[in-house]
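User: I am new to protein structures. Please take one part of this model and walk me through it closely.

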Amino acid sequence: MSLRRVLDQHRIVVCVGTGGVGKTTTAAALALSGALTGRRAMVLTIDPARRLAEALGVGSLSNRGERIAPEVLEAVGAEVRGTLSAAMLDQKSAWDDFITRHAPSTEVRDTILRNEFYQHLSRSFAGSTEYMAIEELYRIDESGEFDLIVLDTPPTGHALDFLEAPRRLEDFLDRSVIGWLVKPYVAVGWSAWKTASRTARFLMKKIEDATGIATLRQISDFFVAMERLFDGIAERSRKVRDLLSGEQTAFVLVAGPEEQVLGESEVLTSKMRALGMPLKGVVMNRTHPLPEDGEATVSLDDVRTLLAMCGIHGVSEDVSEWLWRVYDDACTIARAEELRREVFEEGLESGIACISVPELLGDVHDLRALLDVAHRLQGTKA
């Protein structure tokens, strides 16, 4: 089964999975697949290694996106009927743009952007990268410039961070908590409040340790300035959450055949079901399929015969036996992977498209190799 149906039926595709499974390559290949069939496709990555730019044959990607020139695609044999664009999220720039778009005035905007607490927050707040990825997805979708948007989720320690980002931001902007932080400073001053209770001292010490900012004034000034944005940001966060769970969005899980990866992927799919995130496809990446449709039993005599058929003579028994054992070990690994994949796929809900992409001879580092992966995802190449 291919992912062609998933692409045809959805406007937004979100690639999720644990680190190191090939999300960036898969996201780019899915966007390229859409462009091949006539879609105006955009792939958005947060990958700091800039592998996507290399695979697309461009020196770098901007926050606003770059369109891949048609002649570049044609040079590798890609018959593209649509368009392909790519962007790489810069967390700090995305936050600055976000504040600029939603600040009610230039004065409020400048106050926030200059605030030291904000400058630290926009770089290192837990879940910040994840939320900005979703915010950019929402902004791109709102623009109407693209009819297929593929998001490569951040390389976090656990993909659940991405799924929970909108809720985290809403919790962070909870007015009751913000008021508790701001009002004591406004009313009685930081020095007086700092002696008020052991709990207060403990809380502010943790904030100071985490941010490196030693005064409540900067924190208070930030939240006072942000208060006029809270309603709009909270509302937008809710819309973002609705977008992720809507019919126009499909989640594609990128996994690998290793036991640990599949175990983490099972946890992720369970969490997605609980959050109402629509899993529509699974890409089992870098697999090692059995040769000859599973008929993989080869004897040492078969190896000797094959060497002779290839005109390779004078091979010692040690080398022949080594070749046979390497092949036999590879088949053992392939059978184990196949069994784990079958068990994993049996636990999925019906109707989820599953496809395996075998381990390629080399890394995907250019457009030609990316095109090969795109065809495999479409089911047009074995």
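Analyst: What follows is a close look at strand β6 and its surroundings.

This is a predicted model, in which local features need pLDDT of at least 70, side-chain atom pairs count only at pLDDT 80 or more, and totals for chains, interfaces and linings use all residues. Residues are numbered from 1 along each chain as its sequence is written, and side-chain values use heavy atoms, with hydrogens and water left out.

Start with the whole protein. It has 18 helices and 8 strands. Both are DSSP runs, numbered from the N terminus: helices are H or I with at least four residues, strands are E with at least two. Of the 382 residues, 47% count as buried. Buried means under 20% relative accessible area, exposed means over 50%, and partly exposed lies in between (1.4 Å probe, protein chains only).

Now zoom in on β6, residues 249-255. The strand is mostly covered, with 7 of its 7 residues buried. In a regular strand the side chains alternate between the two faces of the sheet. Here Thr249, Phe251, Leu253 and Ala255 point one way. Ala250, Val252 and Val254 point the other way. Residues on both sides are buried.

Next come the neighbouring strands. Two strands pair if DSSP finds at least two bridges between them. β6 pairs with β1 (residues 12-16) in the parallel sense, over 5 bridges. Within that pairing, Val252 of β6 is the bridge partner of Cys15. β6 also runs parallel to β7 (residues 279-287), and 5 bridges join them. There, Leu253 has Val282 of β7 as its bridge partner.

Follow Leu253 to a helix. Thr269 touches Leu253, and also Leu279 and Leu348, leaving aside residues up to four places away in sequence. Contact means heavy atoms within 4.5 Å. Thr269 sits in helix α15, residues 259-275. Why is Thr269 classed as buried? Its relative accessible area is 6%. The side chain of Thr269 also has a polar atom 2.8 Å from the backbone oxygen of Glu266.

Finally, set this part against the wider protein. Residues 24 or more positions apart make up 78% of the contacts with a separation of 6 or more. For a surface example, take Val319 in helix α17, residues 317-346. Val319 counts as partly exposed because its relative accessibility is 39%. So the picture holds a strand with 7 of 7 residues buried, a buried Thr269 and a partly exposed Val319.

Note on methods. A polar contact is a pair of N or O atoms within 3.5 Å; within protein, one must be able to donate a hydrogen and the other to accept it, and residues adjacent in sequence count only if both atoms are side-chain atoms.
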